[in-house]
Number of protein chains: 4
Amino acid sequence: MPLGFPLFSGCNIENICYPLGVCAERTAIQKAISEGHREFRAIAISSDLQDDFISPCGACRQVMREFGTNWAVYMTKPDGTYVVRTVLELLPAPFGSIGWQKIQ
Amino acid sequence: MPLGFPLFSGCNIENICYPLGVCAERTAIQKAISEGHREFRAIAISSDLQDDFISPCGACRQVMREFGTNWAVYMTKPDGTYVVRTVLELLPAPFGSIGWQKIQ
Amino acid sequence: MPLGFPLFSGCNIENICYPLGVCAERTAIQKAISEGHREFRAIAISSDLQDDFISPCGACRQVMREFGTNWAVYMTKPDGTYVVRTVLELLPAPFGSIGWQKIQ
Amino acid sequence: MPLGFPLFSGCNIENICYPLGVCAERTAIQKAISEGHREFRAIAISSDLQDDFISPCGACRQVMREFGTNWAVYMTKPDGTYVVRTVLELLPAPFGSIGWQKIQ
């Protein structure tokens, strides 16, 4: 693979019972985990939202944080533009370690 | 592949925030869905539980049912024995279609 | 209260991120738990579904089972008719105790 | 009530199937919603964590955000000290409205 590391893709998976669906970000992360990976460099999120960069929901941010706080989240628009932030920037003082005490 | 159809594996993925974990069954199903599959023949569940056949949680049963009620769930023991039931047998009168009206 | 025991009501609570919603059944159960109750006699579910009795999703069945398998689930229609089943009938061989080994 | 507005309490509710548990914050919010409330002024979170202020998980932040971004989250320690942040500070550029475009 050109990038030199594995790439996993995900998609939203809905359910007739809404709470039992899952977001694309978690689908991709769970695929990687189930294939034995534990370290992530970056995740890129795309959608058909035209007017803003698509950002991950809070649940996905917490799942990202389980595997580190200092990796990159690319939030894109359909025109190819994007903003990038670390997991910690998207989930400041996350539940779990690295809480308020340490970052204040 | 000997079986003549794709096989996807999953695992439990825990989170420091318990409700954000996911079961092995859903991990496997979500992987298959995200790779373009919509039809399932069977799912097999294993665990280190010695005294009983491992069965899927209710949430996983509902996610299975999203893709049909008449496919097979193999519930195994570490010694290789198992019981098998259909999704509908494990989730009678499921939320969504095929409710009480039709099966009474 | 006429019935001689506390009654808790719930409702579906949706979220712009679908998986973060919660069903009415779990809302009601969680309210009761957070008020100190651990034993349930019955739960009744209603909806505007005309053609069938509304049944709980698999996730709600598993949450019901956490508090026993032998209590009553009333599944109703807007016309006031209903069917009633135990939690175990709705979630046979549930994940957790009382598995296949014991009910076969 | 002294404060002049209703107060709802919650607690973590675990499940033998971990993903089916729910956090205290969501329990409290869901109780309030199911009692007809839609506007929140503040939420306070406590735990027995000694070394840091307890902060909400990402899923709870997203559920808080469903009901506004400008209300207060008090994160406490057992000694009674606390830090307070808005929902938006805890979930910058949240999924849903008020995304990156508007806050950059």
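How much accessible surface does chain A have, and what share of that surface belongs to carbon and sulfur atoms? The points below take this up and then move on to the elements of the structure.

1. The accessible surface of chain A amounts to about 5000 Å², and 51% of that area belongs to carbon and sulfur atoms. A reader new to the structure should keep in mind that this is a predicted model, and that the values in this note are to be read accordingly.

2. Chain A contains four helices and three strands, and, when followed from the N terminus, its elements come in the order α-β-α-β-β-α-α. Of the 104 residues in this chain, 50% are buried. Among the contacts in chain A with a separation of 6 or more, 46% are made by residues that lie 24 or more positions apart.

3. Helix α2 of chain A, which spans residues 58–65, deserves a separate look, since the helix is mostly covered and eight of its eight residues are buried. The buried residues of α2(A) are A:Gly58, A:Ala59, A:Cys60, A:Arg61, A:Gln62, A:Val63, A:Met64 and A:Arg65, a list that includes two arginines, A:Arg61 and A:Arg65. The cover over these residues includes, from chain A itself, α1 (24–34), β1 (42–45), β2 (72–76) and α3 (87–90), and it also includes α2 (58–65) of chain D.

4. On the surface of chain A, the residues A:Tyr74, A:Tyr82 and A:Val84 make a nonpolar patch of about 260 Å². One of these, A:Val84, is located in strand β3 of chain A, which covers residues 82–86. With a relative accessible area of 33%, A:Val84 counts as partly exposed, and because patches are made of residues with over 30% relative accessible area, this value of 33% allows A:Val84 to take part.

5. In chain C, three strands form an open sheet with mixed pairing, and their order in the sheet is β1-β2-β3. Strands β1 (42–45) and β3 (82–86) of chain C stand at the edges, where each has a single partner strand, so one side of each is left without a neighbour in the sheet. From one strand to the next, the twist averages 20°.

6. Within the sheet of chain C, β1(C) and strand β2 (residues 72–76) run parallel and are joined by four bridges. As for individual residues, C:Ile43 is placed opposite C:Val73, which belongs to β2(C).

Note on methods
Residues are numbered from 1 along each chain as its sequence is written. Chains are lettered from A and ligands numbered from 1 in the order in which they are written. This is a predicted model: local features need pLDDT of at least 70, side-chain atom pairs count only at pLDDT 80 or more; totals for chains, interfaces and linings use all residues. Side-chain values use heavy atoms; hydrogens and water are left out. Patches are made of residues with over 30% relative accessible area and no salt bridge: like charges are joined within 9 Å, nonpolar side chains (Val, Leu, Ile, Met, Phe, Trp, Tyr) within 5 Å. Accessible areas come from the Shrake-Rupley method with a 1.4 Å probe; for residues, only the protein chains shown count as cover. A salt bridge is a side-chain nitrogen of Lys or Arg within 4 Å of a carboxyl oxygen of Asp or Glu. Buried means under 20% relative accessible area, exposed over 50%, partly exposed in between (1.4 Å probe, protein chains only). Two strands pair if DSSP finds at least two bridges between them. Axes are lines fitted to C-alpha atoms, for helices over the stretch in contact, and angles run from 0 to 180 degrees between N-to-C directions. Contact means heavy atoms within 4.5 Å.
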